[in-house]
Amino acid sequence: MALFCVPPALPALGIVGLATSAPAWADALLRSRLTVCVALGLRLVPVASVIALRAWASTAPSWAMAAALHGVPLHRYAARVLMPVLRPAVGVGLLLVALLASADIATVLLVHPPGESSLPLTIFTVMANAPEILVSALCLVYIAGAASVLGCLWVLSGAAET
């Protein structure tokens, strides 16, 4: 949770500093859209980690004990028991991180490659240059879209039945 206390521009400035001192062969790694995605993903890892740990804590310890007692290898236990149980939480965590990353403009402005645009950059550019009525409509669409995606995930993960 301490990572949330760090301003989003600080890791982005670190990546920019690393990219400026790196050799030319590292341009594909440090000056691409992948760099933006990795920077945003690493910044929001605690959100996905909390969701994954909560899902892990909901599994019964007796499952692992029973698998160990019967000699089930760890990889088979993980693939056949843990993955189906943790799959909805991992999906929700990934989509929640993607949703939060699309709203982070500071990192995208600092790290995006020259001449290329991204969805958050396009949205905030339109919002900066548009009349207030269009900005409010875009905000409403953004909130409705996020709520519908999270609502669908909630229903698909089975959380609505419990």
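Among contacts in the chain between residues at least 6 apart in sequence, what percentage join residues at least 24 apart? The figure is 66%, where contact means heavy atoms within 4.5 Å.

This is a predicted model, in which local features need pLDDT of at least 70 and side-chain atom pairs count only at pLDDT 80 or more, while totals for chains, interfaces and linings use all residues. Residues are numbered from 1 along each chain as its sequence is written, and side-chain values use heavy atoms, with hydrogens and water left out.

**Figure 1. Overall view of the chain, with nine helices and zero strands.**
Along the sequence the pattern reads α-α-α-α-α-α-α-α-α. Helices (H or I, at least four residues) and strands (E, at least two) are DSSP runs, numbered from the N terminus. Taken along the principal axes, the C-alpha atoms fill a box of roughly 60 × 45 × 25 Å. The radius of gyration of the chain is 20 Å, whereas a compact globule of 162 residues would have one near 15 Å. That radius is taken over C-alpha atoms, and the globule rule is 2.2 Å times the number of residues to the power 0.38. Of the 162 residues, 21% are buried. Buried means under 20% relative accessible area, exposed over 50%, and partly exposed in between, with a 1.4 Å probe and protein chains only. The chain exposes about 10600 Å², and carbon and sulfur atoms supply 76% of this area. Accessible areas come from the Shrake-Rupley method with a 1.4 Å probe; for residues, only the protein chains shown count as cover.

**Figure 2. Close-up of helix H6 (residues 74-102) and its bend at Met83.**
H6 bends by about 55° at Met83, and Pro84, a proline, follows within four residues. The bend at a residue is the angle between axes fitted to the seven residues ending there and the seven starting there. Between its end C-alpha atoms H6 spans only 36 Å, while a straight helix of 29 residues would span 42 Å at 1.5 Å a residue. The expected span is 1.5 Å times one less than the number of residues. The buried residues of H6 are Tyr77, Leu82, Leu86, Ala89, Gly93, Val97, Ala101 and Ser102. They pack against helix H3 (33-43), H4, H5, helix H8 (119-129) and helix H9 (132-156). Ala78 is also found in H6, but this residue is partly exposed, with a relative accessible area of 26%. Ala78 and Ala64 are 14 residues apart in sequence, with their C-alpha atoms 9.5 Å apart in space.

**Figure 3. Close-up of helix H4 and Trp56.**
H4 has 13 residues and reaches 18 Å from its first C-alpha to its last, close to the 18 Å expected at 1.5 Å a residue. Pro46, Val47 and Ala55 are buried in H4, and the buried residues of this helix pack against H3 and H6. Leaving aside neighbours within four places in sequence, Trp56 is in contact with Leu82 and Leu86. The C-alpha atoms of Trp56 and Val85 are 8.6 Å apart, for a separation of 29 residues in sequence.

**Figure 4. Close-up of Thr59 in the loop between helix H4 (45-57) and helix H5 (61-69).**
Thr59 has a relative accessible area of 11% and is therefore buried. Its side chain reaches the backbone oxygen of Trp56 at 2.6 Å. A polar contact is a pair of N or O atoms within 3.5 Å; within protein, one must be able to donate a hydrogen and the other to accept it, and residues adjacent in sequence count only if both atoms are side-chain atoms. Apart from neighbours within four places in sequence, Thr59 is in contact with Leu82 and Val85.

**Figure 5. Close-up of Ala19 in helix H1 (residues 9-21) and Thr35 in helix H3.**
Ala19 counts as buried because its relative accessibility is 6%. With neighbours within four places in sequence set aside, Ala19 is in contact with Leu30 and Arg31. Thr35 counts as buried at 6% relative accessibility. On the same basis, Thr35 is in contact with Ile15, Leu29, Leu30 and Val111.

**Figure 6. Close-up of Pro73 in the loop between H5 and H6.**
Pro73 is partly exposed, with a relative accessible area of 33%. The C-alpha atoms of Pro73 and Thr122 are separated by 49 Å, and the two residues are 49 apart along the chain.
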